[in-house]
Amino acid sequence: MNIKFEEREELKEKIKDVNNLGFGQYFTDYMFLMNYDEDTGWHDARIVPYDNISLPPSAMCLHYGQTIFEGLKAYRNGDKVFLFRPDENFKRMNRSNDRLCIPPIDEEFMVEALKKLIDLERDWIPDSKEASLYIRPFVIAIDPKLGVHPSGSYLLMIILSPSGPYYKDGLAPIKIYVEDKYVRTVKGGLGTAKAGGNYAASLKSQVEAEEKGFSQVLWIDGVNRKYIEEVGSMNIFFVTEDEIMTPELSGSILPGITRKSIIELLKSEGKKVVERRISIEEILTLHKEGKLLEIFGTGTAAVISPVGELFYEGTEIIVNNGEIGEISNYLYNELTDIQWGRKKGPEGWQVEV
Ligand SMILES: *Cc1c(COP(=O)(O)O)cnc(C)c1O
């Protein structure tokens, strides 16, 4: 498919101070759009100036939440620009699409379209070891109808946002509240899809945890209320003397690309990584026995997020004296070196633009 291009009359001013970028607040000059309707399929791929879009108030996405999204980044290393495993994002987009009755996209075409957009916007990618260009592809249902059924027409968009370092003052451990009241999703629900609705379900819990002084929540399963699932927008890993473990993809956990990459990296180094059911009681016991060495979260935004404290029903679990663990630190450096192209990664992980 051909990608049309509509040029902007005037380019925006770029933000110079990367430390004041924050996350998702500024947007670049251009965006990618593509429409779907039942007669033509996906069509009219175009790169146009970033601007407001117009929708009828009856557009289905505004009422029934038929929307999905993705998140990845472009990294700059001098003149070189890299994407990290973008094919995985569009594969996951298709799995999310399938769950929400959205027609599949051509994954290879989408990687090419993204490369074209990033190349056009490469001057927006911060020249920094920590800041990067956040990429948000998403799909919304746009039929102007109120009947509850899958929409017949869709809009796919990619917008770009230069974003500052996740840790302004360097990698730092976070405090996490283990959620025992609210549930994000259950097996059979939308949890394995990157759907906007999952985040709507999580906001109340996040607000209450922040009020109590925690930066994130850890979800436990909605059925037994005992097995660990994941953190707000991160998967979670536990390090013991013998192994590194992470909850298995149970049907209510988002399959993170960082999670997958960390598992592959650790295994390639001969480390023992297990994916299985992990109960919160097991973690409490390991901690009591002094066998819990590190906990860390994984996700595109923070890469690796060391956990200094878990709080569960009145019990504080202080991990590694609230300090960054050896493995967390190693994985952070290793993965960011690969993402920024400072080090050669496994085949297909670094896509140069
Ligand atoms: C996006 C996301 C993750 C992390 O996935 P990555 O591909 O590693 O960025 C984890 N959990 C949830 C709920 C997410 O939405």
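In this predicted model, Leu83 of strand S6 stands opposite Val351 in strand S18. S18 covers residues 350–352, and three bridges join S6 to S18, the two strands running antiparallel.

S6 has a second partner. Strand S5, residues 72–77, pairs with S6 in the antiparallel sense over four bridges. Here Leu83 in S6 appears again, for Ala74 stands opposite this residue. S5 and S6 form a hairpin, with two residues between the strands. In the turn, Gly78 has a positive phi of about 65°. S6 itself, residues 80–84, is mostly covered, since four of its five residues are buried.

## Salt bridges

How many salt bridges does the count come to? The count comes to 21 salt bridges. Three of them are set out below.

| Pair | Closest N to O distance |
|---|---|
| Lys4 and Asp44 | 2.4 Å |
| Arg85 and Glu88 | 3.9 Å |
| Asp119 and Arg122 | 2.9 Å |

Lys4 and Asp44 meet through their side chains in a salt bridge of 2.4 Å, taken from N to O. Lys4 belongs to strand S1, residues 4–5, and Asp44 to strand S3, residues 41–49, so this pair ties together parts that are 40 residues apart in sequence. Lys4 has a relative accessibility of 47% and therefore counts as partly exposed. Asp44 also counts as partly exposed, because its relative accessibility is 28%.

Are Arg85 and Glu88 buried or exposed? Arg85 is buried, and Glu88 is buried as well. The closest N and O atoms of their salt bridge are 3.9 Å apart; the cut-off for a salt bridge is 4 Å, and the pair therefore still counts as one. These two residues also belong to a wider arrangement, in which Arg85, Glu88, Lys91, Lys260 and Glu264 are linked in a network of salt bridges.

The pair of Asp119 and Arg122 combines two classes of accessibility. Asp119, at 40% relative accessibility, counts as partly exposed. Arg122 has a relative accessible area of 19% and is buried. The limit for a buried residue is under 20%, which means that a value of 19% falls within this class.

## Aromatic rings

The count of aromatic pairs comes to twelve. One of them is formed by Phe5 and Tyr30: the ring centres are 5.3 Å apart, the planes make an angle of 45°, and the pair is tilted. It links distant parts of the chain, as Phe5 lies in strand S1 and Tyr30 in strand S2, residues 30–37, with their positions 25 residues apart in sequence. Phe5 is partly exposed, with a relative accessible area of 46%, whereas Tyr30 is buried at 4% relative accessibility.

Another pair, Tyr177 and Phe311, is stacked, with 6.0 Å from centre to centre and 20° between the planes. Tyr177 lies in strand S9, residues 174–179, and Phe311 in strand S16, residues 303–312, so the pair ties together parts that are 134 residues apart in sequence. Tyr177 is buried, its relative accessible area being 11%. Phe311, with a relative accessible area of 22%, is partly exposed.

Why is one pair described as stacked and another as tilted? Planes under 30 degrees apart count as stacked and those over 60 as edge-to-face, so an angle between these limits is called tilted. Aromatic rings also occur in a larger group: Tyr36, Trp42 and Tyr154 form one aromatic cluster.

## Charges over rings

Charged side chains also meet aromatic rings in this model. The charged end of Lys175 sits over the ring of Phe214, at 5.4 Å from the ring centre. Arg277 lies over the face of Tyr227, and the distance to the centre of that ring is 4.1 Å.

## The ligand and its surroundings

Which residues are closest to the ligand? The ligand is surrounded by 15 residues, the closest being Lys194, Tyr199, Glu230, Thr258 and Thr300. For Lys194, an N or O atom of the side chain is 2.7 Å from an oxygen atom of the ligand. For Glu230, an N or O atom of the side chain is 2.5 Å from a nitrogen atom of the ligand. The backbone takes part too: a polar backbone atom of Ile257 is 2.8 Å from an oxygen atom of the ligand.

Conventions:
Residues numbered from 1 in each chain as written. Predicted model: local features only at pLDDT ≥ 70, side-chain atom pairs only at ≥ 80, totals over all residues. Heavy atoms only, no water. Buried < 20%, exposed > 50% of the residue type's maximum accessible area, 1.4 Å probe, protein only. Phe/Tyr/Trp six-rings, centres within 6.5 Å; stacked < 30°, edge-to-face > 60°. Lys NZ or Arg CZ within 6 Å of the ring centre and 35° of its normal. Pairing = 2+ DSSP bridges. Near = heavy atom within 4 Å. Polar contact = N/O pair within 3.5 Å; in protein donor to acceptor, adjacent residues only side chain to side chain.
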